[in-house]
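Q: Please take a close look at one part of this model. I would like a connected account of it and its surroundings.

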Amino acid sequence: MNILIFGATSAIAAAVAARYAAAENRFYLIARNDEKLTALRERLTESGAGEVETAQADLIRFEEHPALIEAAFTRLQSVDLVLIAHGTLPDQKRCEQDAEAALEALSVNGLSPISLLTELAPRMREQAHGTLAVITSVAGDRGRPSNYVYGSAKAMVSAYLQGLRGKLHGAGVNVIDVRPGLVDSPMTAHLEKGPLFATPDRVAGGIVRAVARNRHTVYVPGWWRIVMAIVRWLPDTIFKRLDF
Ligand SMILES: NC(=O)c1ccc[n+]([C@@H]2O[C@H](COP(=O)([O-])OP(=O)(O)OC[C@H]3O[C@@H](n4cnc5c(N)ncnc54)[C@H](OP(=O)(O)O)[C@@H]3O)[C@@H](O)[C@H]2O)c1
């Protein structure tokens, strides 16, 4: 498989890459932090990955997306799996008081993946095979007081993926919306951990299975689907009183 990953050094993305590290798989990894990227490349190579190419990029620089994608497709020729994984967990309280902070959170978590997908979609349609997988979040299912800026960025991407899935269906390209719940990763390092937290490796397992089975919207771990169905179902008159 030829695998292209944006935000490759994220804990979840790195765990996905580790699961695919085998001689028959080639990687093109894009991430912001060069040191982490080099370390990841070494780990994958040691684990037996066929070829690991890397590119450093700050994915908030939308104007660089076309050239980044051009370079990746030129190297890999054919891309079997694209994973978009980068993101940040913004300070919700700060975003409520500072429009610039809110817009930055929306840009990195919402506009950046959409900019990449806009460039990727015609290439995937043209090659007529492969999977586009994007990590969104259960936070996009319903805006909650504690994280509705992050949630609205993820919801934007999820809605985009729903439409894109239909657009690319006829071309044989599958689009997966990966919605993890709480994950014990650097993004949540400041949060107190509890039983609701999954490991990045568990989420990675869910992503690899979803790719193999051509799934569409996956909640990882799977029980979040039931939790979020209840959260979505609650009437606004009740939901607005829940401060969570
Ligand atoms: N952790 C959770 O509880 C949770 C829950 C639901 C969904 N998610 C989603 O899962 C995905 C992966 O997150 P994670 O849990 O694996 O956390 P993570 O390890 O903190 O990964 C986030 C990654 O995004 C990268 N990133 C942030 N801004 C970037 C930018 N402007 N350009 C390029 N890369 C950028 C970070 O790069 P640096 O290393 O350079 O900072 C980091 O590698 C994210 O989309 C996140 O929203 C996470």
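Of the 67 residues in the largest nonpolar core, which touch the most other members?

A: This is a predicted model. In the largest nonpolar core, Ile5, Ala8, Ala17, Leu29 and Ala133 touch the most other members. The core has 67 residues. In soluble globular proteins, nonpolar side chains tend to be buried together.

Take Leu29 as the way in. Leu29 belongs to strand β2, residues 26-31. Six of the six residues of β2 are buried. Both faces of the strand are covered. One side carries Arg26, Tyr28 and Ile30, all buried. The other side carries Phe27, Leu29 and Ala31, buried as well.

Next, the neighbours of β2. Strand β1, residues 2-6, runs parallel to β2, and five bridges join the two. Isoleucine 3 has phenylalanine 27 of β2 as its bridge partner. Between β1 and β2 the chain passes through helix α1, residues 11-20, in a right-handed β-α-β crossover. Strand β3, residues 51-56, is also parallel to β2, joined to it by six bridges. Here tyrosine 28 stands opposite glutamate 53 of β3. Helix α2, residues 34-46, completes a right-handed β-α-β unit with β2 and β3.

Now Ala133, another of the core residues named above. Leaving out residues up to four places away in sequence, alanine 133 touches Leu81, Val82, Leu83, Ile176, Val178, Ile207 and Val211. Strand β5 spans 131-135. In the loop between α5 and β5 lies alanine 128. Alanine 128 counts as exposed because it has 11 C-beta neighbours inside 10 Å. Its phi is near 60°, a positive value in a residue other than glycine.

Asparagine 214 has a positive phi too, near 55°. Asparagine 214 sits in the loop between α7 and β7. With 10 C-beta neighbours inside 10 Å, asparagine 214 therefore counts as exposed. Beyond β7, the loop leading to α8 holds proline 221. The peptide bond from valine 220 to proline 221 is cis, with omega near -10°. Most residues other than glycine have a negative phi, and most peptide bonds are trans.

Helix α8, residues 224-233, includes arginine 225. Arginine 225 is partly exposed, because it has 16 C-beta neighbours inside 10 Å.

Last, the ligand. The shell around the ligand has 27 residues, and Ser10, Leu59, Gly87, Ser185 and Met187 come nearest. The shell divides into 14 nonpolar, 10 polar and three charged residues.

Definitions and conventions. Residues numbered from 1 in each chain as written. Predicted model: local features only at pLDDT ≥ 70, side-chain atom pairs only at ≥ 80, totals over all residues. Near = placed C-beta within 6 Å. Nonpolar A, V, L, I, M, F, W, Y, C, P; charged D, E, K, R; others polar. Buried ≥ 20, exposed ≤ 12 C-beta atoms within 10 Å, placed from the backbone. Helix = DSSP H or I, 4+ residues; strand = E, 2+ residues; numbered from the N terminus. Pairing = 2+ DSSP bridges. Right-handed = clockwise from strand over helix to strand, strands pointing away. Core = buried A, V, L, I, M, F, W, Y, C linked by C-beta atoms within 7 Å. Contact = placed C-beta atoms within 7 Å.
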